[in-house]
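User: I would like to go through this structure with you, beginning with its pockets. Could you take a look?

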Protein chains: 2
Amino acid sequence: MEFKISEVKGYTPQIGHLVSQMDYARKTTLEAVKGLTTSELDFLPIGDANSIGALLLHIAAVEKGFQIEIFDGRSPNEQEMAEWGDAYSLGEKGRKNIKGNRLDFYIDKLTEVRKITLKEFSKRNDDWLYENRLWDSNPSNNYFIWFHVFEDEINHRGQIRIIRKMLNFK
Amino acid sequence: MEFKISEVKGYTPQIGHLVSQMDYARKTTLEAVKGLTTSELDFLPIGDANSIGALLLHIAAVEKGFQIEIFDGRSPNEQEMAEWGDAYSLGEKGRKNIKGNRLDFYIDKLTEVRKITLKEFSKRNDDWLYENRLWDSNPSNNYFIWFHVFEDEINHRGQIRIIRKMLNFK
């Protein structure tokens, strides 16, 4: 397998760099959850933590949220809030409502959401990537927003790895 | 505060992109450990896990290891192995030998190592960043290696956040 950060066919140069980073992050997320059963995906290591399942759906929800904000230029509608809200916010509602799913369920969501991001990326160019944009009320650009999408995924992949370790101690 | 992925003064364009990502990762790592006491830094959430202190030193050790491999083009010598080996490998030796330090100790190590990386980056250019190089026996490039340095940091920052949460439940 090849591990390079570089241009990627089908995208402008910098978008390609971003895609190669997002691809690597996703590959490692999928490796981190390989073979997990539904009860393992539902396991809560401590009272106010999140299950691996909830973290997986959160990763998809964050990406979905930025698609709506950045590609569609709007806020999530009621239906989107109902589908993604708990996973986006995690916490109590995530613990209550995100469980009982098989691994495939989460992988399908991740894949389905990622497909839209890549399609939208392929229609845009590097100028768009550097366009200014607010992030949490701070000056930012589109590049940072999508960097944040994959860096948040990597953060949660780290947590998934540690929770998976704890499965052996429950 | 500004959050942008873009060029950074003092570096060639792509190295600047990398530096802006590494800077953001570091900022969030430091925020994640703010105010921790020595006993909190030494806390082990489960038997075979790592303390927050060990993870912080590991982040510095990984960067140090790639400095030696990539900037110096050699393997670590005995003195470097003695200083960094336990933090690089983590596990049993990390649990046994990395403890009793104040937060400042870890932050100083991180800062001292990062200073060298930035100095070396400032002497190189984007052609160097795209140079081919093996990573774990796979085709890779220097860009990927340094991407990996910050993505490993983000992974452990995620773990630090969850371990910090667990401190409330011990």
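User: What volume does the largest pocket have?

Analyst: The largest pocket has a volume of about 490 Å³. Please note that this is a predicted model.

User: Which residues lie nearest the centre of that largest pocket?

Analyst: His58(A), His148(A), Asp152(A), His156(A) and Arg161(B) lie nearest its centre, and the lining comprises 23 residues. Two or more lining residues come from each of helix 3 (52–71), strand 1 (132–135) and helix 8 (142–166) of chain A, and likewise from helix 8 of chain B.

User: Which element gives the largest share of that lining?

Analyst: Helix 8 of chain A does, with 7 residues of the lining of the largest pocket. By class, that lining divides into 10 nonpolar, 6 polar and 7 charged residues.

User: And how much space lies in the second largest pocket?

Analyst: The second largest pocket holds about 300 Å³ of space. Its lining has 17 residues, and those closest to the centre are Arg161(A), Asp152(B), Asn155(B), His156(B) and Gln159(B).

User: Which elements supply at least two residues each to the lining of the second largest pocket?

Analyst: They are helix 1 (13–33) and helix 8 of chain A, along with helix 3 (52–71) and helix 8 of chain B. Helix 8 of chain B provides the largest share of this lining, 7 residues. The lining of the second largest pocket has 5 nonpolar, 7 polar and 5 charged residues.

User: Changing topic to the interface: how many residues does each chain put into the contact?

Analyst: Chain A gives 39 residues to the contact, and chain B gives 39 residues. Between them the two chains bury about 3,700 Å², and 62% of that area is on carbon and sulfur atoms.

User: How many salt bridges are there across the interface of chain B and chain A?

Analyst: The rule finds 2 salt bridges across that interface. In one salt bridge, Arg157(B) pairs with Glu151(A), and the closest N and O atoms are 2.8 Å apart. Across the interface there are also 23 residue pairs in polar contact, with both residues at pLDDT 80 or more.

User: What builds the side of chain B that touches chain A?

Analyst: Helix 1 (13–33), strand 1 (132–135), strand 2 (138–141) and helix 8 (142–166) of chain B each supply at least two residues of that side. Helix 8 of chain B contributes the largest share, 16 residues. The residues on this side of chain B comprise 18 nonpolar, 14 polar and 7 charged.

User: Back to salt bridges, how many does the structure hold over all chains?

Analyst: The structure holds 28 salt bridges over all chains. Among them is the one between the side chains of Glu63(A) and Arg114(A), at 2.9 Å from N to O.

User: Which parts does the Glu63(A) and Arg114(A) pair tie together?

Analyst: Glu63(A) is in helix 3 of chain A and Arg114(A) is in helix 6 (residues 103–123) of chain A, so the pair ties together parts 51 residues apart in sequence.

Definitions and conventions:
Residues numbered from 1 in each chain as written. Chains lettered and ligands numbered in written order. Predicted model: local features only at pLDDT ≥ 70, side-chain atom pairs only at ≥ 80, totals over all residues. Heavy atoms only, no water. Contact = heavy atoms within 4.5 Å. Buried area = accessible area lost by both parts, 1.4 Å probe. Salt bridge = Lys/Arg side-chain N within 4 Å of Asp/Glu carboxyl O. Polar contact = N/O pair within 3.5 Å; in protein donor to acceptor, adjacent residues only side chain to side chain. Helix = DSSP H or I, 4+ residues; strand = E, 2+ residues; numbered from the N terminus. Nonpolar A, V, L, I, M, F, W, Y, C, P; charged D, E, K, R; others polar. 1 Å grid on protein atoms, 1.4 Å probe; cavity = no way out; pocket = protein on both sides within 12 Å on 5 of 7 lines; lining within 4 Å. Points joined across faces, edges and corners; volume = space filled by probe spheres on them.
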